[in-house]
Amino acid sequence: MEGTIKRCRCWFNGISLFLHPLIISVLIMFVCMANIGNVDAAFSNLTTIPFNQGYSPLFGDGNLVRSPDGKGVRLLLDRFTGSGFISSNLYNHGFFSANIKLPSDYTAGICVAFYTSNADVFEKSHDELDIEFLGNTEGKPWRFQTNIYGNGSTNRGREERYRLWFDPTRDFHRYSILWTPQITVFYVDDVPIREVVRREEMGGDYPSKPMSLYATIWDASNWATSGGKYKVNYKYAPFVAEFKDLVLDGCPADPIQQIPAAEACAEKNALLATQDYSVITPQRRAAMRRFRLRYMYYSYCYDSLRYPVPPPECVTIAAEKARFKDTGRLKFGGSHKRQSKRRTRNRNRVLPDSDVTPY
């Protein structure tokens with residue numbers, strides 16, 4: 001990122017005599033930050049499916065509104081209920097993706113989640129892959145986190161938290177989860193933001209059992225914004241999250257089938273590995289590096305108070321580590337407000353006083 005900014009400054013040097021310094025600074029940051037998403041080609045050959053062909057309502061049926069063309073859905077949260085949907089099948093690995101537009105204005109206390117899980121089937125040993133968007137007070141941007149659980153390992157949260165380089169309430173953006181037997185990759189548009197490579201030392205902590213795809217909007221007032229300081233204000237309801245261009249590309253599986261999943265899905269998993277989204281090109285890897293250096297503001301891998309020995313999947317990157325304290329939070333570039341009480345959410349999914357607003 002530093003090199004990119006230097007190159008941008010050189011590019012603008014020739015016109016610096018004619019522009020106000022503030023305008024030059026804005027132009028530099030606009031061009032440089034645009035490079036986050038300026039990778040090779042966007043995902044090719046994505047096959048989307050109509051909502052009714054792959055999904056069904058999960059809860060809050062009255063707050064789930066299908067689009068006229070049947071290709072999307074709006075999820076509403078009001079003072080009575082949130083809403084959500086679930087895939088009709090469980091999948092043993094796959095690519096799960098949607099174009100999503102988040103609620104605008106005052107959204108404190110709201111959680112919009114796009115995730116895979118099998119908690120309904122394996123209550124005490126479930127697997128899960130999360131993308132969770134966390135609302136904020138008016139005028140402050142959404143933040144989001146990713147997480148991974150395997151075999152009920154909820155006491156070993158693997159959270160990372162980030163900002164976005166765009167306003168997710170103005171336009172649709174594609175958010176995706178790639179899950180294979182070897183790697184899990186989280187994407188924003190065509191930028192990989194996190195890669196987890198399965199290691200033998202992880203044991204059951206790497207998700208391995210068939211999972212469904214879920215999308216929900218719900219009231220998370222007790223933890224989502226400033227550790228629960230700011231609640232959902234239903235004066236602004238209904239809060240609407242929109243989903244469209246849904247992708248389910250995986251191997252449908254029965255969680256209690258007799259045929260081993262690896263054998264039953266071998267052909268589909270091999271095909272999955274050949275798809276455009278399964279290949280992290282040098283350009284995409286560079287974009288991931290830029291994103292993580294600029295927009296990640298918490299990582300469990302650098303939280304030595306929580307994990308004196310980093311979990312086995314963690315790969316220490318010197319440039320990333322230099323930015324964080326031993327709490328996994330930024331050393332600079334943000335407000336680090338302390339709370340008088342340390343709050344935790346059920347299942348340890350959110351860190352104590354974790355809402356470190358990076359503004």
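**Disulfide bonds and buried cysteines**

In the predicted model, Cys251 and Cys265 are joined by a disulfide, with their sulfur atoms 2.1 Å apart. The link is left-handed, with -75° about the S-S bond. Cys251 belongs to strand E14 (residues 239-253), whereas Cys265 sits in the loop between helix H4 (261-264) and helix H5 (266-272); the pair therefore ties together parts that are 14 residues apart in sequence. With regard to solvent exposure, Cys251 has a relative accessibility of 8% and, because this value is under 20%, counts as buried. Cys265 is likewise buried, its relative accessible area being 1%.

A further disulfide is formed by Cys301 and Cys314, whose sulfur atoms lie 2.0 Å apart. The torsion about the S-S bond of this pair is about -80°, so the disulfide is left-handed. Cys301 is located in strand E15 (residues 296-303) and Cys314 in the loop between E15 and helix H7 (318-321), so that this disulfide ties together parts 13 residues apart in sequence. Both Cys301 and Cys314 are buried.

The structure thus holds two disulfides. When the bonded cysteines of the protein are numbered in sequence order, the pairing is 1-2, 3-4. In general terms, a disulfide is a covalent bond between the sulfur atoms of two cysteines. Burial was also computed for Cys111, which has a relative accessible area of 0% and is therefore buried.

Note on methods:
Residues are numbered from 1 along each chain as its sequence is written. This is a predicted model: local features need pLDDT of at least 70, side-chain atom pairs count only at pLDDT 80 or more; totals for chains, interfaces and linings use all residues. Side-chain values use heavy atoms; hydrogens and water are left out. A disulfide is a pair of cysteine sulfur atoms within 2.5 Å. Helices (H or I, at least four residues) and strands (E, at least two) are DSSP runs, numbered from the N terminus. Buried means under 20% relative accessible area, exposed over 50%, partly exposed in between (1.4 Å probe, protein chains only).
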